[in-house]
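The following note sets out several points on the chain under review, in numbered form. Please read it alongside the sequence and the coordinates.

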Amino acid sequence: MRSKFAVALSLVAAMTISLGITPAATAATNDVVVTRAWVRSAANADQAMMMTGVFAKITNRTSKTVTLTGGTTSFAGVVEVHQVVDGVMAKKNGGIKIAPGKSVMLQPGGLHVMLLNLKKKILPGTLVDLKLTFTGTFGTAKSKVVTIKNLIGKISAAGGESYSPSPMPMPSMSATK
Ligand SMILES: [Cu+2]
C-alpha cells in the first residue's frame, strides 16, 4: 500500500513538472501580443461552479489605448472580463484597458478572463480554443479578434481566492478572519 501511494505521488509530481515546462500559449499580431496564456483546469472546485479563469500577459503595441472586452470559446457559453476587489470577483464593466505600449497581467487574484457555463471539462493538459476581442484603433478597424492557440489547462491553487459567483459574502462575514 505504501509503495502504491508512493507511485501515485511520484506520478503527480511528474505531471506537475511536465506541466511546468510546457511552453505557454502565445498569440502575436502586430497590434496585440498575448503571452504566457493558460487556463485554470476545472478538475478542482471550479468545476462544480462550471466556470474557470484564463490568465496571460497582454501587451498593447498600438499608439492608442486598447480594451479587452470579452471573447469566445467552444468550451464555454459566456466569456467575460473580470476583476477581483477585496477578494471578491466581479465583472469588470468597460473591459480591461491597456495603455499604448504597456502590458497588463491577468493573474489569479487580479484581472482575469472568465469562462462561464462550461460545456466541456478542462483538465490539466486540455488545449482550449479562445478568441479574445479588443476595441481600439487597428488601422482603419475599431476592433480586433486575437486567436490564442494551444491555450493549455493547468492545475493551480494560486491566489486562493474564491471564484464563487454567489452568494455574495455579507459585510459581517467578510470581516471574519
Ligand atoms: Cu471571474
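1. In which strand is the place of asparagine 150? Asparagine 150 belongs to strand S11. The model is a predicted one, and the phi computed for asparagine 150 is near 55 degrees, a positive value in a residue other than glycine. Asparagine 150 counts as partly exposed because 14 C-beta neighbours lie inside 10 Å, and a residue is called buried at 20 or more.

2. A second residue invites a similar check of the backbone. Arginine 36, although not a glycine, has a positive phi of about 50 degrees. Arginine 36 is found in strand S2, which covers residues 32-40. With 15 C-beta neighbours inside 10 Å, arginine 36 is therefore classed as partly exposed.

3. On the overall layout, the protein has three helices and 11 strands. Read from the N terminus, the order of elements is α-β-β-α-β-β-β-β-β-β-β-β-β-α. Of the 177 residues, 28% count as buried. Among the contacts with a separation of 6 or more, 73% are accounted for by residues 24 or more positions apart.

4. Strand S10 (residues 127-138) pairs with two strands described here. With strand S4 (residues 66-72), the pairing of S10 is antiparallel and runs over five bridges. With strand S11 (residues 141-154), S10 again pairs in the antiparallel sense, over nine bridges. Phenylalanine 134 of S10 appears in both pairings: leucine 68 stands opposite phenylalanine 134, and the bridge partner of phenylalanine 134 in S11 is lysine 144.

5. The connection between S10 and S11 deserves a look as well. These two strands form a hairpin with two residues between them. In that turn, glycine 139 has a positive phi of about 65 degrees.

6. Strand S5 (residues 76-85) likewise has two pairings to inspect. S5 and strand S9 (residues 112-118) are antiparallel and paired over six bridges; within this pairing, valine 78 has leucine 116 of S9 as its bridge partner. S5 is also joined by four bridges to strand S6 (residues 88-91), and these two strands run antiparallel. Here glutamine 83 stands opposite alanine 90 in S6.

7. The hairpin of S5 and S6 has two residues between the strands, and aspartate 86 takes a positive phi near 55 degrees there. When side chains along the strands are inspected, it may help to recall a general rule. In a regular strand, side chains alternate between the two faces of the sheet.

8. The final point concerns a loop. Where is proline 100 located? Proline 100 is in the loop between strand S7 (96-98) and strand S8 (103-106). Since proline 100 has 13 other C-beta atoms within 10 Å, this residue is partly exposed. Which residues does proline 100 touch, leaving aside those up to four places away in sequence? The contacts of proline 100 are Asn60, Thr62, Ser63, Lys64 and Thr65. In addition, proline 100 and valine 66 are separated by 34 residues in sequence, while their C-alpha atoms are 7.5 Å apart in space.

Definitions and conventions. Residues numbered from 1 in each chain as written. Predicted model: local features only at pLDDT ≥ 70, side-chain atom pairs only at ≥ 80, totals over all residues. Pairing = 2+ DSSP bridges. Buried ≥ 20, exposed ≤ 12 C-beta atoms within 10 Å, placed from the backbone. Contact = placed C-beta atoms within 7 Å.
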